[in-house]
Amino acid sequence: MIVVIGVMVTLQSTFFIHLLVEKILVNVHVDLSWKIFLSVVMVLSLILYVITMYIFIKAYAFDDEFSFVPKSSFLINKAKSSENEFDIKKVILANFNKAIESNEKIIEKKAGKGKLGFTFFKISCGCTILFLILFLYVLFFQVIF
């Protein structure tokens, strides 16, 4: 998803801005209000894409460590102490529940960030589509005709 957003930002910040400047901003036949509105929609869309990319990067970043059972240091220490195998299994099984709950919290947190990222991505795409529709409207009805 991060790559798709990067492509969208690159496309929009190069090609669309070139079109905006060449066809609308430099053109004297276009009202100032359209120039300002299209520019605001373009900048808003770019800002939203950057925010979206940041959210997705934060979702994939490993801020918290996943728990795993059994820990290798625990097994090594228990093997050295020659404890009963049943007692070792009992301790390991008791730690499984804690590890599962901890890992579920981490995954839910990452999923929440992913959902937020997709929400921002939808809004960003909406701004881009709005820009394109308005751009074509201004291009055909104010510049050409």
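**View 1. How much of the chain is buried.** In this predicted model, buried residues make up 27% of the 145 residues in the chain. The accessible surface comes to about 9700 Å², and carbon and sulfur atoms account for 70% of that surface. Keep these values in mind as you move on to the closer views.

**View 2. The whole chain, a run of helices.** The chain has four helices and zero strands. Reading from the N terminus on, you will meet its elements in the order α-α-α-α. Along its principal axes, the C-alpha trace spans about 90 × 20 × 15 Å. The radius of gyration of the chain is 27 Å, whereas a compact globule of 145 residues would have one near 15 Å. Contacts in this chain also reach across the sequence: of those with a separation of 6 or more, 87% are between residues 24 or more positions apart.

**View 3. The largest nonpolar core.** Here you can look into a core of 19 residues, the largest nonpolar one in the model. The residues with the most contacts inside this core are I5, L20, I24, L38, M42, F131 and V138. Three elements give two or more residues each to the core: α1 (2–25), α2 (32–60) and α4 (85–144). Which of the elements gives the largest share of this core? That is α2, with seven residues. As general background, nonpolar side chains in soluble globular proteins tend to be buried together.

**View 4. F131 and the residues around it.** This close-up stays with one of the core residues that have the most contacts inside the core, F131. Which residues does F131 touch, not counting those up to four places away in sequence? They are F16, L20, L38, V41 and M42. Of these partners, L20, L38 and M42 are also listed with F131 among the core residues with the most contacts.

**View 5. C125 and C127, two cysteines without a disulfide.** A search of the whole structure finds zero disulfides. C125 is in no disulfide, and the cysteine sulfur nearest to its own, that of C127, is 9.5 Å away. C127 is likewise in no disulfide, with the sulfur of C125 as its nearest cysteine sulfur, 9.5 Å away. Is C127 buried or exposed? C127 counts as buried because its relative accessibility is 11%, under the 20% cut-off for buried residues.

**View 6. An aromatic cluster with W34, Y137 and F141.** W34, Y137 and F141 form one aromatic cluster. The model has a count of five aromatic pairs. One of them joins Y137 and F141 in a tilted arrangement, 5.1 Å from centre to centre and with 45° between the planes. Both Y137 and F141 lie in helix α4, where they are four residues apart, about one turn of the helix. Y137 counts as partly exposed because its relative accessible area is 40%. F141 has a relative accessible area of 53%, so F141 counts as exposed.

**View 7. E83, in the loop between two helices.** Where is E83 found? Look in the loop between α3 (72–81) and α4. Leaving aside neighbours within four places in sequence, E83 is in contact with K78 and I88. E83 has 35% relative accessibility and therefore counts as partly exposed.

**View 8. N103, a buried residue of helix α4.** N103 has its place in helix α4. With a relative accessible area of 16%, N103 is buried. Which residues is N103 in contact with, leaving aside its neighbours within four places in sequence? The contacts are F66 and S67.

**View 9. S81 and N27, a separation along the chain and in space.** S81 lies in helix α3. Its relative accessibility is 41%, so S81 counts as partly exposed. How many residues apart along the chain are S81 and N27? The two are 54 residues apart, and their C-alpha atoms are separated by 83 Å. For a sense of scale, you can set this view beside the span of the C-alpha trace, about 90 × 20 × 15 Å along its principal axes.

Terms used
Residues are numbered from 1 along each chain as its sequence is written. This is a predicted model: local features need pLDDT of at least 70, side-chain atom pairs count only at pLDDT 80 or more; totals for chains, interfaces and linings use all residues. Side-chain values use heavy atoms; hydrogens and water are left out. A nonpolar core is a set of buried Ala, Val, Leu, Ile, Met, Phe, Trp, Tyr and Cys residues joined through side-chain atoms within 4.5 Å. Buried means under 20% relative accessible area, exposed over 50%, partly exposed in between (1.4 Å probe, protein chains only). Contact means heavy atoms within 4.5 Å. A disulfide is a pair of cysteine sulfur atoms within 2.5 Å. The radius of gyration is taken over C-alpha atoms; the globule rule is 2.2 Å times the number of residues to the power 0.38. Accessible areas come from the Shrake-Rupley method with a 1.4 Å probe; for residues, only the protein chains shown count as cover. Rings of Phe, Tyr and Trp (its six-membered ring) pair if their centres lie within 6.5 Å; planes under 30 degrees apart count as stacked, over 60 as edge-to-face and the rest as tilted.
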